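This report describes one helix and the surroundings of two ligands. The sequence and the structure come first, and the text follows them.

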Amino acid sequence: MWRRATLFLRVLEPPIHINASLSQTFTTGFPFHFQEKDGICPKPLITFVLGGPGSGKGTQCGKIVETFGFKHLSAGDLLRREMVSDSEYGSMIMNTIGEGRIVPSEVTVKLILREMESSDNHKFLIDGFPRSQENRIAFEQIIGAEPHMVLFFDCPEEEMVKRVLSRNQGRIDDNINTIKNRLQVFESLNLPVIDYYAKKGKLYRINAVGTVDEIFEHVRPVFEACEHEAR
Ligand SMILES: Nc1ncnc2c1ncn2[C@@H]1O[C@H](COP(=O)(O)OP(=O)(O)O)[C@@H](O)[C@H]1O
Ligand SMILES: Nc1ccn([C@H]2C[C@H](O)[C@@H](COP(=O)(O)OP(=O)(O)O)O2)c(=O)n1
Ligand SMILES: [Mg+2]
């Protein structure tokens with residue numbers, strides 16, 4: 001169903017710009033620009049990491065960070081952190097996540113933007129985002145950048161449910177009722193995004209069944225090729 005994309009790197013990206021009307025929604029962090037390093041402001045290298053709940057995104061991101069030195073931004077972790085802070089969005093995020101729905105894009109993109117701006121690393125692994133076409137468009141408009149590539153951890157539903165139910169991290173959404181909703185939301189809102197990137201030739205579909213190390217052996221060559229291209 002998913003075509004395996006050939007390596008496609010946009011080496012020359014258009015300059016980063018901020019959509020003026022959307023930028024007015026935010027009070028911090030504009031204009032978006034990276035911290036300088038040795039007097040140079042590098043272009044961001046963005047990888048989106050997608051897959052259903054429990055497909056192993058976070059686990060594989062840990063290994064990618066260790067091996068390839070990316071900055072890992074988990075949209076879910078950022079939202080959970082915001083949820084327990086004094087934020088005005090706290091209760092909305094809790095209700096939304098508890099029901100297995102998607103938090104409004106402006107909130108999530110704002111949290112991602114804040115992390116990107118404060119990072120001294122220009123290589124970003126954005127995990128669990130974009131989860132909908134609305135997420136994707138908000139990111140493009142607000143941050144003004146596109147991913148260089150998109151990983152999709154393809155995992156059977158049965159296996160995802162089993163992993164989520166034994167995750168044991170005390171998450172409010174790791175219960176059978178919420179999982180059912182999350183799987184439905186994944187199918188209806190996230191698969192179209194995955195399809196979108198497949199059509200753009202940016203998608204790398206990874207078989208997410210196997211041990212963590214076996215799966216990472218499928219991931220490794222994708223990043224090795226990316227590093228090679230960037231040289
Ligand atoms: N390949 C794997 N085989 C078995 N369990 C796994 C594998 N990869 C991750 N897990 C476990 O499954 C659960 C979900 O993994 P996680 O990385 O949190 O997935 P996601 O971020 O996609 O929801 C975690 O408890 C993790 O330890
Ligand atoms: N882009 C995103 C990412 C996560 N969320 C919310 C809704 C998701 O069900 C929860 C949990 O996301 P998270 O990526 O941590 O979940 P998994 O790692 O896939 O199990 O957070 C969101 O609203 N928008
Ligand atoms: Mg995760």
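Helix α8 covers residues 176–199, which is 24 residues; at 1.5 Å a residue it should span 34 Å, and its end C-alpha atoms are 33 Å apart, so the two values agree. The model discussed here is a predicted one.

## Helix α8

Although the end-to-end distance of α8 agrees with the expected span, the helix has a kink of about 40 degrees at N190. The proline P192 follows shortly after that kink. Beyond the end of α8 comes G201, with a positive phi near 75 degrees.

Which residues of α8 are buried? They are I179, R182, F186, N190, V193, I194 and Y197. N190 is thus both the site of the kink and one of the buried residues of the helix. The cover over these buried positions includes the strands β1, β4 (149–154) and β5 (203–207), together with the helices α6 and α7 (157–165).

I194, which is part of helix α8, can serve as an example. Its C-beta atom has 20 others within 10 Å, and because 20 or more is the criterion, I194 counts as buried. Apart from residues up to four places away in sequence, I194 touches L50, F152 and L203. F152 belongs to β4 and L203 to β5, two of the elements that cover the buried residues of α8. Between I194 and L73, which are 121 residues apart along the chain, the C-alpha separation is 19 Å.

## Surroundings of ligand 1

The shell around ligand 1 holds 14 residues, and those that come nearest are G56, K57, G58, T59 and R163. Two helices, α2 (57–68) and α9 (212–230), each supply at least two residues of this shell. The largest share, three residues, is that of α2. By class, the shell contains eight polar, three nonpolar and three charged residues.

An unreviewed UniProt entry places the feature "binding site" at G54, S55, G56, K57, G58, T59, R167 and G210. Among these positions, S55 lies in the loop between β1 (45–51) and α2, and G56 is also found in the loop between β1 and α2. S55 counts as buried because 26 C-beta neighbours lie inside 10 Å. G56 is buried too, with 24 C-beta neighbours inside 10 Å.

Leaving aside neighbours within four places in sequence, S55 is in contact with F153, C155, M160 and A208. On the same basis, the contacts of G56 are G51, F153, C155, A208 and I215. F153 is therefore a contact of S55 and of G56.

## Surroundings of ligand 2

How many residues surround ligand 2, and which are the closest? There are 19, and the closest are P53, A75, G76, V103 and G128. The elements giving two or more residues to this shell are α2 and α3 (75–83). Of the elements, α3 gives the most, with three residues. The shell around ligand 2 is made up of eight polar, seven nonpolar and four charged residues.

V103, one of the closest residues to ligand 2, sits in the loop between α4 (90–98) and α5 (105–117). With 22 other C-beta atoms within 10 Å, V103 is buried. V103 touches L79, I93, T96 and T108, residues up to four places away in sequence not being counted. V103 and G76 are 27 residues apart in sequence, while their C-alpha atoms are 9.8 Å apart in space.

## N135

UniProt, in an unreviewed entry, also places the feature "binding site" at N135. This residue is found in helix α6 (residues 133–143). Because N135 has 24 C-beta neighbours inside 10 Å, it counts as buried. Outside the four places on either side in sequence, N135 touches S105, T108, F129 and P130. T108 is a contact of N135 and also of V103.

The neighbour counts of the buried residues described above are collected here.

| Residue | Location | C-beta neighbours within 10 Å |
|---|---|---|
| S55 | loop between β1 and α2 | 26 |
| G56 | loop between β1 and α2 | 24 |
| V103 | loop between α4 and α5 | 22 |
| N135 | helix α6 | 24 |
| I194 | helix α8 | 20 |

Terms used. Residues numbered from 1 in each chain as written. Chains lettered and ligands numbered in written order. Predicted model: local features only at pLDDT ≥ 70, side-chain atom pairs only at ≥ 80, totals over all residues. Near = placed C-beta within 6 Å. Helix = DSSP H or I, 4+ residues; strand = E, 2+ residues; numbered from the N terminus. Nonpolar A, V, L, I, M, F, W, Y, C, P; charged D, E, K, R; others polar. UniProt positions renumbered as here; feature names shortened; annotations may be inferred. Buried ≥ 20, exposed ≤ 12 C-beta atoms within 10 Å, placed from the backbone. Contact = placed C-beta atoms within 7 Å. Expected span 1.5 Å × (residues − 1). Bend = angle between axes of the 7 residues up to and from the residue.
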